[in-house]
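Colleague: Hi, I have a few minutes before my next meeting. Could you walk me through the side-chain contacts in this one?

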Amino acid sequence: MFPRRPPAGLAAWLAGARGGGLLGLLANQCRFVTGLRVRRTQQIAQLYGRLYSESSRCVLLGRLWRRLRGRPGHASALMAALAGVFVWDEERIQEEELQRSINEMKRLEEVSNIFQSSGVERHPPESKSQTEGNEELKDKEQPWEMVMDKKHFKLWRRPIEGSHLYQYRVFGTYTDVTPRQFFNVQLDTEYRKKWDALVIKLEVIERDVVSGSEVLHWVTHFPYPMYSRDYVYVRRYSVDQENNVMVLVSRAVQHPSVPESPEFVRVRSYESQMVIRPHKSFDENGFDYLLTYSDNPQTVFPRYCVSWMVSSGMPDFLEKLHTATLKAKNMEIKVKDYIPAKPLEMSSEAKATAQSSERKNEGSCSPARIEYA
């Protein structure tokens with residue numbers, strides 16, 4: 001009795017396996033299953049897109065993100081991307097980030113006062129890590145190096161561990177404009193387009209009604225022959241009336257509504273913290289400011305070239321910002337006032353009132369950011 005022949009499909013599969021094509025067959029099967037699951041996810045996203053409003057989708061995706069976070073593959077990130085939803089629970093700037101920046105300003109002021117009382121005309125950078133309590137990170141941080149030392153402008157830099165880039169820190173003073181004017185000019189996106197000739201595009205993409213954080217898309221010219229750069233970043237500002245301080249924090253994020261464009265080079269690593277301390281009040285001339293900044297402009301130039309561009313470009317940007325503030329003051333140019341915003345610390349009742357007010361104005365566009373191109 002002769003053995004039965006295997007089915008034609010199984011025979012072909014076995015022939016492929018004997019011929020060394022087993023891995024290829026497995027790869028094809030994986031691609032088929034992955035593609036099937038992606039299509040199913042897209043169909044689910046389209047279904048919920050028809051059934052729910054945008055705000056409801058954000059709440060739903062936020063819940064899924066928290067439930068699936070930490071699981072292998074982080075499936076919630078895929079679902080959020082396919083649904084075109086930005087998950088604020090992961091990306092919003094927290095109170096702790098604002099407070100860390102304010103604490104850095106306090107440390108620098110304390111050290112500055114010590115040096116001034118001893119007759120030394122110098123403002124050295126702080127010696128403590130921004131990440132308090134983390135001794136391992138603190139040990140890895142490099143010391144600050146003075147790059148520029150002028151009467152009302154000090155610039156330092158330090159290497160960023162594991163990269164060829166630097167982090168920069170500026171401590172400066174202006175006495176001919178008010179803190180309110182300087183702060184508002186930084187935040188007003190429409191006015192920024194007028195006074196900054198490097199801006200190609202600057203707009204608010206989305207706003208978080210819980211924290212007041214905003215996502216912005218900024219496209220800027222870079223020096224010839226480099227391509228223009230674009231930034232997608234989240235920003236949050238706060239005004240603490242009680243402690244007489246203002247803070248603005250920005251950092252790069254990814255947003256599903258702003259994919260990368262072949263026309264520009266996307267800057268994926270960017271951080272900026274600006275703290276303003278009035279000498280007297282928000283509406284009287286005179287204040288100190290602390291700007292801490294870093295980004296990766298994705299250039300092929302050597303480290304010293306990038307350092308030179310930033311070290312020379314940052315003072316130039318700050319002076320343009322100062323000049324624009326003077327023009328707004330002297331020519332009475334209308335600039336949106338952001339100072340009445342919620343203070344840094346609020347009671348639960350105040351937070352509820354602020355959130356209710358923000359929901360009413362959810363559709364309106366707001367601020368831009370403080371950063372150096």
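Modeller: Happy to, and keep in mind that this is a predicted model. One definition before the aromatics: rings of Phe, Tyr and Trp (its six-membered ring) count as a pair if their centres lie within 6.5 Å, and planes over 60 degrees apart make the pair edge-to-face.

Colleague: Fine by me. How many aromatic pairs does a search of the whole structure find?

Modeller: The search gives 14 aromatic pairs. Take Y231 and Y270: the ring centres are 5.5 Å apart and the planes are at 80°, so this pair is edge-to-face.

Colleague: Which strands do Y231 and Y270 sit in?

Modeller: Y231 is in strand β6 (residues 229-240) and Y270 is in strand β9 (residues 270-278). With the two positions 39 residues apart, the pair links distant parts of the chain.

Colleague: And are Y231 and Y270 buried or exposed?

Modeller: Y231 and Y270 are both buried. Y270 also forms an edge-to-face pair with Y293, at 5.7 Å centre to centre and 65° between the planes. That pair connects strand β9 to strand β10 (residues 287-295), where Y293 lies, and the two residues are 23 apart in the chain. Y293 is buried, as is Y270.

Colleague: Which residues form one aromatic cluster with Y270?

Modeller: The cluster is made up of W218, Y231, Y233, Y270 and Y293.

Colleague: Nice. Switching topic: which ring does the charged end of R157 sit over?

Modeller: The ring of Y166, with the charged end of R157 at 4.2 Å from the ring centre. There is also R229, which lies over the face of F222, 4.9 Å from the centre of that ring.

Colleague: Back to R157 then. What does the side chain of R157 meet in a salt bridge?

Modeller: The side chain of E145, at 3.2 Å from N to O. R157 is in strand β2 (residues 153-159) and E145 is in strand β1 (residues 145-150), so the salt bridge ties together parts that are twelve residues apart in sequence. R157 is buried, with a relative accessible area of 17%, while E145 is partly exposed at 39%.

Colleague: What does the count of salt bridges come to?

Modeller: The count is 20 salt bridges. One that spans a long stretch of sequence joins D196 and K320, at 3.3 Å from N to O. D196 lies in the loop between α9 (189-195) and β4 (199-207), and K320 lies in helix α10 (residues 303-330), so the pair ties together parts 124 residues apart in sequence. D196 counts as buried at 1% relative accessibility, and K320 counts as partly exposed at 25%. Elsewhere, salt bridges with shared partners join D89, R92 and D208 into one network.

Colleague: How about within a helix, what does E104 meet in a salt bridge?

Modeller: R107, at 2.4 Å from N to O. E104 and R107 are three residues apart in helix α6 (residues 95-117), which means that about one helical turn separates them. Both residues are buried.

Colleague: Last one: where is H255?

Modeller: H255 is in the loop between β7 (245-252) and β8 (265-267). At 8% relative accessibility, H255 counts as buried.

Colleague: And what does H255 touch, leaving out residues up to four places away in sequence?

Modeller: The contacts of H255 are F86, I205, E206, V215 and V232. With E206 there is a polar contact between the side chains, at 2.7 Å. H255 and V85 are 8.0 Å apart, C-alpha to C-alpha, although 170 residues separate them in sequence.

Notes. Residues numbered from 1 in each chain as written. Predicted model: local features only at pLDDT ≥ 70, side-chain atom pairs only at ≥ 80, totals over all residues. Heavy atoms only, no water. Phe/Tyr/Trp six-rings, centres within 6.5 Å; stacked < 30°, edge-to-face > 60°. Helix = DSSP H or I, 4+ residues; strand = E, 2+ residues; numbered from the N terminus. Buried < 20%, exposed > 50% of the residue type's maximum accessible area, 1.4 Å probe, protein only. Lys NZ or Arg CZ within 6 Å of the ring centre and 35° of its normal. Contact = heavy atoms within 4.5 Å. Polar contact = N/O pair within 3.5 Å; in protein donor to acceptor, adjacent residues only side chain to side chain. Salt bridge = Lys/Arg side-chain N within 4 Å of Asp/Glu carboxyl O.
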